[in-house]
Amino acid sequence: MSDTLDSLETRAPEQRERELLARLPGLVARAQSAPGWSRILAGVDANAVSSRAALAALPVTRKSDLKALQQQLQPFGGLNATPVGQLSRVFMSPGPIFDPEGRGADWWRFSRPMYAAGVRAGGLLQNCFAYHFTPAAFMVEGGAARIGCPVIPAGSGQTELQVQAMQALRPDTYIGTPSFLKIIIEKAREMGADISSVKQAMMGAEALPESLRRWFAENGVPHVLQTYASADIGSIAYETRSGDTVHPGMVLDEDVLLEIVRPGSGEPVPPGEVGEVLVTLFNPDYPLIRFATGDLSAILTDAPPSPCGRTNIRIRGWMGRADQTTKVRAMFVHPSQVNEITRRHPEILKARLVVSGKMANDVMTLHCEVDNPALVQANSIIETIRDLTKLRGEVAFAVKGSLPNDGKVIDDVRDYS
């Protein structure tokens, strides 16, 4: 039995990069047929977008902008290249934000993380993601159909019925949130029910701390992996394992072109540095180009190739939110403003705005990595801070490489007590 879904997952990295970049011009041209992308990508020559440098020159479209875009042009802000009437489903996520699903097989590309988690034809999985308005359960349905595994459409809630289904139907796989599986296991124990057939799980939508992963192993579910996905993109990356060993990081999906950028900008960071996840998605129905998820992560650079055999880039998983906007003396300060300061002062190699003190007595200090502090004019940087934020800020110089690699551009350490 193969440990990978198909040969795409084991391509040489150079081949994968070459083939993804070759698809870029067609993706951009397809996107430009949609009214929303036509406006965003106005003046862009699709044929010229055939390299990472050319991609990095395109505008960033942020997940946080979707609500406003969709209010201007419903239901998808004009970002859908396939007309609404030709889609399969329309979802409404909290916000509300609307998300499409096309008619293609495994449209959300969930078969890859599911196969990595151990889902196989002839098995049986209990799908405990919600079916109501949101797409998560349908992501699982599409992946299961491609693999050939039947599904118990359990949805969320009704814990006793979940236990009864597991006891009667004997599924081998649970898919849903970590917290709900814990509730099901505890309820089964309370009911004296045997749900020991469930030996593996794929989880998402919540954090999975290692302490909880160990708890599952101690309570009869030894093989637990997590996936990183979103309602607009579908599968982004996923964990893999060999036997009982979970491998470091998360393997990137084969139809995703990833950039990690400095929060508040579209500027790629060096490999290994924490930044915001930008996704370019090769989806003909809903093409996404330099789509900023608002999540922080980093490319895994300090680990050997994954022993599972997959050769794609691995990321460190979800590491927090990139939107670090904070309010200082009644004024909002945004990561994009910090990035503009560094753009205006090339002598700043890296910057981190630290907000300290107590509420109503805020102190704003821009910590700047520079090569030689003696050659840098602090007063000039202070003037730029005031010009961009309308607030007074101090400047502190730091040696190159001394600021934390955690993706933070703004760090609010005020005392709120």
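Trainee: Which strands does α11 lie across, and at what angle does α11 run to β21?

Mentor: α11 lies across β20 and β21, at about 130° to β21. This is a predicted model, where local features need pLDDT of at least 70, side-chain atom pairs count only at pLDDT 80 or more, and totals for chains, interfaces and linings use all residues. Residues are numbered from 1 along each chain as its sequence is written, and side-chain values use heavy atoms, leaving out hydrogens and water.

Trainee: What makes α11 a helix and β21 a strand?

Mentor: DSSP runs: H or I over at least four residues is a helix, E over at least two is a strand, and numbering starts at the N terminus. α11 covers residues 378–389 and β21 covers 394–398.

Trainee: Why are α10 and α11 called oblique to each other?

Mentor: Their axes come within 10 Å and cross at roughly 140°. Those axes are lines fitted to C-alpha atoms, for helices over the stretch in contact, and angles run from 0 to 180 degrees between N-to-C directions. Under 35 degrees is roughly parallel, over 145 roughly antiparallel, 65 to 115 roughly perpendicular, and the rest oblique. The crossing lands in the rest, so α10 and α11 are oblique.

Trainee: What is the handedness of the crossing of α10 and α11?

Mentor: Right-handed: the near helix is turned clockwise from the far one by less than a right angle, whereas anticlockwise would be left-handed. On the α10 side, Gln337, Glu340, Ile341 and Arg344 make the contact, meaning heavy atoms within 4.5 Å. Among the α11 residues in that contact are Ile381, Ile385 and Leu388.

Trainee: How do you know that β20 and β21 pair?

Mentor: Two strands pair if DSSP finds at least two bridges between them. β20 (residues 361–369) and β21 have 5, in the parallel sense, so they pass that test. Threonine 365 stands opposite glutamate 394 in β21.

Trainee: What makes β21 and β22 edge strands?

Mentor: Each pairs on one side only. The open sheet reads β21-β20-β19-β22, with mixed pairing, and its neighbouring strands are turned by 25° against each other on average, direction ignored. α10 lies across β19, β20 and β22, at about 130° to β19.

Trainee: What is the order of the open sheet of 8 strands?

Mentor: β5-β4-β6-β7-β8-β9-β12-β16, again with mixed pairing. Its edge strands are β5 and β16. Inside, 3 bridges join β4 to β6, which run parallel, and leucine 125 has threonine 173 as its bridge partner.

Trainee: Where do the domains lie?

Mentor: Domain 1 is 13–254 + 299–321, and domain 2 is 326–412; such bounds come from an automatic or database domain assignment. Their centres, taken over C-alpha atoms, are 36 Å apart.
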